[in-house]
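Hi there,

Here is the structure I promised to send you. Have a look at it first, and then read on for what turned up.

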Amino acid sequence: MNKIKNTFYVTTPLYYVNDKPHIGSAYTNISADILARFHRIKGEKVFFLTGTDEHGEKIFKAAEEKGKNPKEFLDELIPFFTEAWKKLNISYDYFIRTTDLMHEKAVIKFFKKIYENGDIYLGEYEGHYCVPCETYYTKAQLKEEKFCFECGKETQIMREESYFFKLSKYEQALIGYIESADVVMPETRKNEILNFIKQGLTDLSISRTSIKWGIPVPLNKNHVIYVWFDALLNYITAIGYGSNSKQFKSIWPADVHLMGKEIVRFHAVIWPAMLLSAGMPLPKKVFGHGWLTVEGQKMSKSKGNVIDPVEVSEKYSVDALRYFLMREIPFGSDGDYSEKALVQRINSELADSLGNLLNRSIVMIEKYFDGKIPKAVNISKQDKELRDLTLKNAEETGKLIDELQLNKALALIWEIINASNKYINDSKPWELAKKEEKEKLANVLYTLSESLRVSSILLYPFMPETAIKIQKQLGINSMKFEETLKWNQIKEGTKTGQPEILFKKIE
Ligand code: MSP
């Protein structure tokens, strides 16, 4: 099956639709977008999936409170997601809703398949159920044996007839899968998951009789399928499982499932076990990023500190927000969002370092060479140093993005930008102009144009609008990663565009 896979496949979790997207959900989607764009500029075929998780008790209750049927309630909320993603330049290829008929049919097909394989049986379940989180917990997993650690709400003891999935059967296979390679990342998450599995897995209750809003169990209409079992299957139903097997085979398995750390367990234990049961290939990577706090505080509606990413992007620009989130927080660790830190980075890194570098370069090309990028000949040691650093860092940046070390990748791009600024200050092109040292001046401005060209391509996955603006000012238009590994790509005489400020400084 692997032989015909020809697509880089990246996914985000499916968001619950009880509220509009906040900065935490934007964080996951921006990181996924970066990977998708990076692989596209590497010339790969990419499938980037996001969507919404629409079944379960929470939705049913929220709709009821508004006097609406669940589907009608959901339909009104979906545009908050699609619009937010559009504004944040999230270039997904497909948006799946778990209420899509195609998904529902494919979930039923999958359920039947693993039932026929002997991995589903009828039993009775009793447990501490957290309604907001739609999860059963054991006593040991609860605060004071009662309260949910995730949302803090009191859990309820529920007993019901339920279909079970033989999760325990896959314990050894899961350990092998996770230990064999860097599937679960970062390392801390991998260790957590391995410890969890090694403590012993119990079979998983995958149907409910107490809940009405969900996909009915094919063999017994009194049951609906557990919302996580239904939602996890989106990763295969969206790409054609049950509807388009040719497409499915060209995309599956996922190259990266991205998510926040609290749901890695679902993706690194339950999900691969489901796939093993169906005899399907397993995801290559499950990456759990950290959680964002807001000015040191957990984000919550009750605290009134929920940050709307669309508002931030309207105030400071989409790219500033994308840049900030990816630069500020080591990808995989927890981190903090604050407006003050955002403004600082905009002023120093985006407006001063990057913006001024571009502006000074374009203005000088205009002034000294009539807006035409000059040719470089007999380049100096200094020119070569900037060239070598740029090319070396470009290669390294690509590796870091592949390893999902996104903040480190940005740091390397800024090394190029900072080195370029230092190079301007050291080589003093304005003095070369005064002294009429035309050849040296041409070398400096060509070298700067090339380092800006390389930087623009490297920046594209992170800040697509900015990258395009840089190229427009340089008079070029080519976003191929392989071209970051080559020098002398800009043709002599290329007409530069109108110099424009990339990022305004904020007072
Ligand atoms: N519906 C499930 C996922 C099913 S996937 C088959 C779910 N949804 S969620 O809306 O609660 O969370 C979606 C994602 O948003 C998770 O990856 C979660 O980690 C992320 N975040 C929610 N709040 C966050 C922060 N404050 N910070 C970073 N990410 C956080 O779980």
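Let's start with the ligand. It is surrounded by 22 residues, and the closest are L14, D53, G260, E262 and L292. Please keep in mind that this is a predicted model.

Three of the contacts are worth finding on your screen. At G260, a backbone N or O atom sits 2.7 Å from an oxygen atom of the ligand. E262 uses its side chain instead: an N or O atom there is 2.9 Å from a ligand oxygen atom. At L292, a backbone N or O atom is 2.9 Å from a nitrogen atom of the ligand. On its own the ligand has 670 Å² of accessible area, and the protein covers 92% of that.

Where do the residues of the shell around the ligand come from? Strand 1 (7–16), helix 7 (227–232), helix 8 (234–237) and strand 12 (256–260) each provide at least two of them. Strand 1 gives the most, with 4 residues. Sorted by class, the shell holds 13 nonpolar, 7 polar and 2 charged residues.

Now for a pair of helices. The axes of helix 14 (residues 381–402) and helix 17 (residues 438–459) come within 10 Å and cross at roughly 5°. Because of that angle, helix 14 counts as roughly parallel to helix 17. On the helix 14 side, D383, L386, T390, A394 and T397 take part, and they meet N443, V444, T447, S451, V454 and L458 of helix 17. The residues of this contact divide into 5 nonpolar, 5 polar and 1 charged.

Enjoy exploring!

Conventions: Residues numbered from 1 in each chain as written. Predicted model: local features only at pLDDT ≥ 70, side-chain atom pairs only at ≥ 80, totals over all residues. Heavy atoms only, no water. Near = heavy atom within 4 Å. Polar contact = N/O pair within 3.5 Å; in protein donor to acceptor, adjacent residues only side chain to side chain. Areas by Shrake-Rupley, 256 points an atom, 1.4 Å probe, with all protein chains shown as cover. Helix = DSSP H or I, 4+ residues; strand = E, 2+ residues; numbered from the N terminus. Nonpolar A, V, L, I, M, F, W, Y, C, P; charged D, E, K, R; others polar. Axes fitted to C-alpha atoms, helices over the stretch in contact; angles between N-to-C directions. Parallel < 35°, antiparallel > 145°, perpendicular 65-115°, else oblique. Contact = heavy atoms within 4.5 Å.
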